Amino acid sequence: MKITVLNQKKGPKISKHIYGHFAEHLGRCIYEGLYVGEDSTIPNVNGMRSDVVAALKNLEIPVLRWPGGCFADEYHWKDGIGPKETRKKIVNTHWGGVTENNHFGTHEFFELIEQLGCEAYVNGNVGSGTVQEMQEWVEYMTMGGESPMAALRKENGREEPWKVEFFGVGNESWGCGGNMRPEYYADLYRRYQTYVRQYGEEPIYKIACGPNIDDYRWMEELMRIAGPWMDGISLHHYALTGAWEDKGPALNFKEEHWWSLIASAQKMDELITKHSTIMDKYDPEKRVGLIVDEWGSWLAVEPGTNPGFLYQQNTIRDAMVAAVTLNIFHKHADRVKMANIAQTVNVLQSMILTEGEKMVKTPSYYVFELYKNHQEGELIETYGDKNETISYTVSKKGKELTISICNYSLTETEELAFVFDGAPQVKEAQYIYGEKMDAHNDFDQAEAVTLLPFTNYALKGSQFVLTVPAMSVTTITLEV
Ligand code: AHR
């Protein structure tokens, strides 16, 4: 494959928020995964696992969405403030019916955000919460001066307000968030968002609950009725191997499930294209961002684990899903302003798995590491035709070009020749690959899939020729 790179051209900026993450009160994502409490023997800072925080910081994680998901529409924030011993114990009805002790609440979330050095995306409760409750939460988090909620925050030990960059008004309001019709939710959205007040210096970016997968009527109605009141609208699409009710295993899967999972991930391109066309009708200036705040592989849980905890292993196949999907987001960088892979630790397509004090980085983690240089880069080229087994992105920051290539063929190496305007120099070249299609990392073999130096390239004047192995993701940074 020969690719001419127009490295002098101007392209849309790839928002760093496309590399966002999502952490819900679900299974072992928050508890055990991110938060172990101050008294844990697992090394922590103010309760946050030091190993996990360090690993996520290395990814330059730009934004974290919390507290859900479905949990968000049952979450009453006042249960999660004040002395831990007096916090209300509730039932996490969506996720395993376990007791939620609310030890991780608003203050702990912002402690985590501060340790990660990232932005906050808080998802409010429309399904079972009141307008007043939402208004007061925003006041509690962001009011700097004198007010009842600012006083309550100070009583609980936090003098300064926090910064909330993004606020979601409900989650999956068409389903777990209230089973609403689009017309009804659109009106509710207009009402609730009115009280997401600006107390700080900068306005909060307000995100409406958008459609599930290909529910184009939901998008149409939301944009028609509520478009002018929103900054962003969400979209959820998970990659599956087949039917929703019959999720394929994460390990020991058949070859056909390699292809079906990747094809399901590739559907994201069609979904964004069609939803964007509807959005363009109401918002031709592309002011409203499409926020894909839940995406990733959803597979069968690991045998023997709580089905409500959504704990799944993560293989080189998931790395393909991540790379292919990120390339699709790049392609739509003019409309997709944020995306949040589900979910950061121990749930669905995780970056990290933990078991007691042990931690492993998944193949998906390494894709985010390989791709991090695309954050805020200018898009030069991106490609991902369903008839090929190659998907790639070229982006630019000043003189630096970053090329990421995913070869999801099970057997074939691929030679690519990039032709530049100028003679490039290689600054860094790394890759991951799978020896078998379910290659993965586990607690007894943490580096079966890991970053390796990539050397299989040659520079011939303005041509950069490389051969990438099957089942691999490669990133090269060049200076031209
Ligand atoms: O990410 C798991 C769940 O998937 C979320 O809670 C919900 O929003 C979606 O259905």
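The exercises below work through the overall fold, the ligand site and some backbone features of a predicted model.

**Exercise 1. Decide whether the radius of gyration of the protein agrees with that of a compact globule, and describe the overall build.**

Solution. Begin with the chain length, which is 480 residues, for which a compact globule would have a radius of gyration near 23 Å. Next take the value for the protein, 22 Å, which agrees with that expectation. For the extents, the C-alpha trace spans about 70 × 50 × 40 Å along its principal axes. Finally, the secondary structure that fills these dimensions comes to nine helices and 24 strands.

**Exercise 2. Locate the ligand, and work out which residues are closest and how the surrounding shell divides by class.**

Solution. The ligand is found in the largest pocket. Counting residues with a heavy atom within 4 Å of the ligand, one arrives at 13 residues around it, the closest being E24, C70, E172, Y238 and E294. Sorting this shell by class then gives seven nonpolar, three polar and three charged residues.

**Exercise 3. Find the distances at which polar side-chain atoms of E172, E294 and Q343 lie from oxygen atoms of the ligand, and state how much of the ligand surface the protein buries.**

Solution. The cut-off for a polar contact is a pair of N or O atoms within 3.5 Å. For E172, a polar side-chain atom lies 2.7 Å from an oxygen atom of the ligand, and for E294 an N or O atom of the side chain is likewise 2.7 Å from a ligand oxygen. In the case of Q343, the separation between a polar side-chain atom and an oxygen atom of the ligand is 3.0 Å. Turning from contacts to area, the ligand taken alone exposes 280 Å², of which the protein buries 94%.

**Exercise 4. Place the cis peptide bonds at P67 and Q343, and the positive phi of I213, within the secondary structure.**

Solution. Start with the bond that joins W66 and P67, which is cis with omega about 5°; P67 belongs to the loop between β5 (63-66) and β6 (90-92). Proceed to the bond from A342 to Q343, also cis, with omega near -15°. Q343 lies in the loop between β13 (336-342) and β14 (352-355), and its side chain provides the polar atom 3.0 Å from a ligand oxygen that appeared in the previous exercise. Lastly, I213, a residue other than glycine, has a positive phi near 45°, and its position is in the loop between β10 (205-208) and α6 (216-226).

Conventions:
Residues are numbered from 1 along each chain as its sequence is written. This is a predicted model: local features need pLDDT of at least 70, side-chain atom pairs count only at pLDDT 80 or more; totals for chains, interfaces and linings use all residues. Side-chain values use heavy atoms; hydrogens and water are left out. A polar contact is a pair of N or O atoms within 3.5 Å; within protein, one must be able to donate a hydrogen and the other to accept it, and residues adjacent in sequence count only if both atoms are side-chain atoms. Accessible areas come from the Shrake-Rupley method with a 1.4 Å probe; for residues, only the protein chains shown count as cover. On a 1 Å grid over the protein atoms alone, a cavity is a set of points where a 1.4 Å probe fits but cannot get out, and a pocket is an open set with protein on both sides within 12 Å along at least five of seven lines; lining residues have an atom within 4 Å of a point. A molecule sits in a cavity or pocket if more than half of its atoms lie within 2 Å of its grid points. Ala, Val, Leu, Ile, Met, Phe, Trp, Tyr, Cys and Pro count as nonpolar, Asp, Glu, Lys and Arg as charged, and the others, Gly among them, as polar. Helices (H or I, at least four residues) and strands (E, at least two) are DSSP runs, numbered from the N terminus. The radius of gyration is taken over C-alpha atoms; the globule rule is 2.2 Å times the number of residues to the power 0.38.
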